[in-house]
Amino acid sequence: MSVNGINNKKRLKEVLTIEKNIYLTKEGLFEKVLTQDISVYIYRYVKLLRKTEYHHNVPGTWHKVLYVLYRRRKNRLGMKLGIEIWDNTFDEGLTIYHAGNIVINGMSKIGKNCKLHGSNCIGNNGKNLSSPVIGDNVRLGVGAKVIGDIHIADNVTIAAGAVVVDSCDIKGATLAGIPARVVKKPI
């Protein structure tokens, strides 16, 4: 798992297309926009995050200026939605189901297709700056936290309310509890 970042327009368009299809399916899009559905605002945030990453990763004075502008817009919308995500932490396919109380440390690295159900924290343990490295296709239930210098394997499900403070190298495992332990292993 590696979060390489978005460093060219082609990659930016690829990631935006993937994530637009997650949030704004053609079926019911008019109603979502008309009724100000939360998924529309979350997609706007994710789109600003990706544009911020692009301008952060591409050299040049103009990109530095655009980086500051996009980051400001992202942070303002993030304050309204209760989402705080740093640049270059998530690979493609980020899905946020519910806004509110989502904090992702800038030192964290999270793989493809991560799913956040709301009230999630991925960050350091307060003793040092090391943050989690999370594999692809990981799902965090409502209120799940992943804390410290730990690694989480691919396809892991972290149950609602779980607090993960130890690494899990078992692909496809389910973690639950405080502190979280493996409660289900893949078949």
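This briefing covers the sheets, the nonpolar core, the largest pocket and two single residues of the structure above. The model is predicted. The strands include an open sheet of six with mixed pairing and an open sheet of three with parallel pairing. The largest nonpolar core has 46 residues, and the largest pocket has a volume of about 240 Å³.

**Six-stranded sheet**

- The strand order in this open sheet is β2-β5-β8-β11-β13-β14, and the pairing is mixed.
- At the edges stand β2 (95–96) and β14 (181–184); each has a single partner strand, so one side of each lacks a neighbour in the sheet.
- Strand β13 (residues 174–176) runs antiparallel to β14, and three bridges join the two.
- Within this pairing, Leu175 stands opposite Val182 of β14, while Ala176 stands opposite Arg181 of β14.
- The hairpin formed by β13 and β14 has four residues between its strands, and Gly177 there takes a positive phi near 100°.

**Three-stranded sheet**

- The order in this open sheet is β4-β7-β10, with parallel pairing.
- Its edges are β4 and β10 (151–152), each with a single partner strand, so one side of each is left without a neighbour in the sheet.
- Two bridges connect β7 (residues 133–134) with β10, and these strands run parallel.
- One bridge pairs Val133 with His151 in β10.

**Largest nonpolar core**

- Among the 46 residues of this core, those that touch the most other members are Ile85, Ile96, Leu116, Leu140, Val146, Ile152 and Ile158.
- Two or more residues each come from α1 (9–23), α3, α4, β1 (83–85) and β3.
- Helix α3 supplies the largest share of the core, eight residues.
- In soluble globular proteins, nonpolar side chains tend to be buried together.
- Leaving aside neighbours within four places in sequence, Ile152 is in contact with Val133, Ile134, Gly135, Val138, Val146, Val164, Asp166, Cys168 and Leu175.
- Of these contacts, Val146 is also one of the core residues that touch the most other members, and Leu175 is the residue opposite Val182 in β14.

**Largest pocket**

- The volume of the largest pocket is about 240 Å³.
- Its lining consists of Tyr43, Arg44, Lys47, Leu48, Lys51, Tyr70, Arg72, Arg73, Arg76, Leu77 and Lys80.
- The elements giving two or more residues to the lining are α3 (38–57) and α4 (61–81).
- Helix α4 gives the most, with six residues.
- By class, seven lining residues are charged and four are nonpolar, and no polar residue is present.
- Helices α3 and α4 also each give two or more residues to the largest nonpolar core.

**Ser108**

- Ser108 lies in the loop between β3 (102–104) and β4 (109–110).
- Ser108 counts as buried because its relative accessibility is 0%, against a cut-off of under 20%.
- Leaving aside neighbours within four places in sequence, the contacts of Ser108 are Asn88, Thr89, Ile122, Gly123, Ser131 and Pro132.

**Leu29**

- Leu29 belongs to helix α2 (residues 29–34).
- With a relative accessible area of 27%, Leu29 is partly exposed.
- From C-alpha to C-alpha, Leu29 and His63 are 32 Å apart in space, and they are 34 residues apart in sequence.

Methods:
Residues are numbered from 1 along each chain as its sequence is written. This is a predicted model: local features need pLDDT of at least 70, side-chain atom pairs count only at pLDDT 80 or more; totals for chains, interfaces and linings use all residues. Side-chain values use heavy atoms; hydrogens and water are left out. Buried means under 20% relative accessible area, exposed over 50%, partly exposed in between (1.4 Å probe, protein chains only). Contact means heavy atoms within 4.5 Å. Two strands pair if DSSP finds at least two bridges between them. On a 1 Å grid over the protein atoms alone, a cavity is a set of points where a 1.4 Å probe fits but cannot get out, and a pocket is an open set with protein on both sides within 12 Å along at least five of seven lines; lining residues have an atom within 4 Å of a point. Grid points are joined across faces, edges and corners, and a volume is the space filled by probe spheres set on the points. Ala, Val, Leu, Ile, Met, Phe, Trp, Tyr, Cys and Pro count as nonpolar, Asp, Glu, Lys and Arg as charged, and the others, Gly among them, as polar. A nonpolar core is a set of buried Ala, Val, Leu, Ile, Met, Phe, Trp, Tyr and Cys residues joined through side-chain atoms within 4.5 Å.
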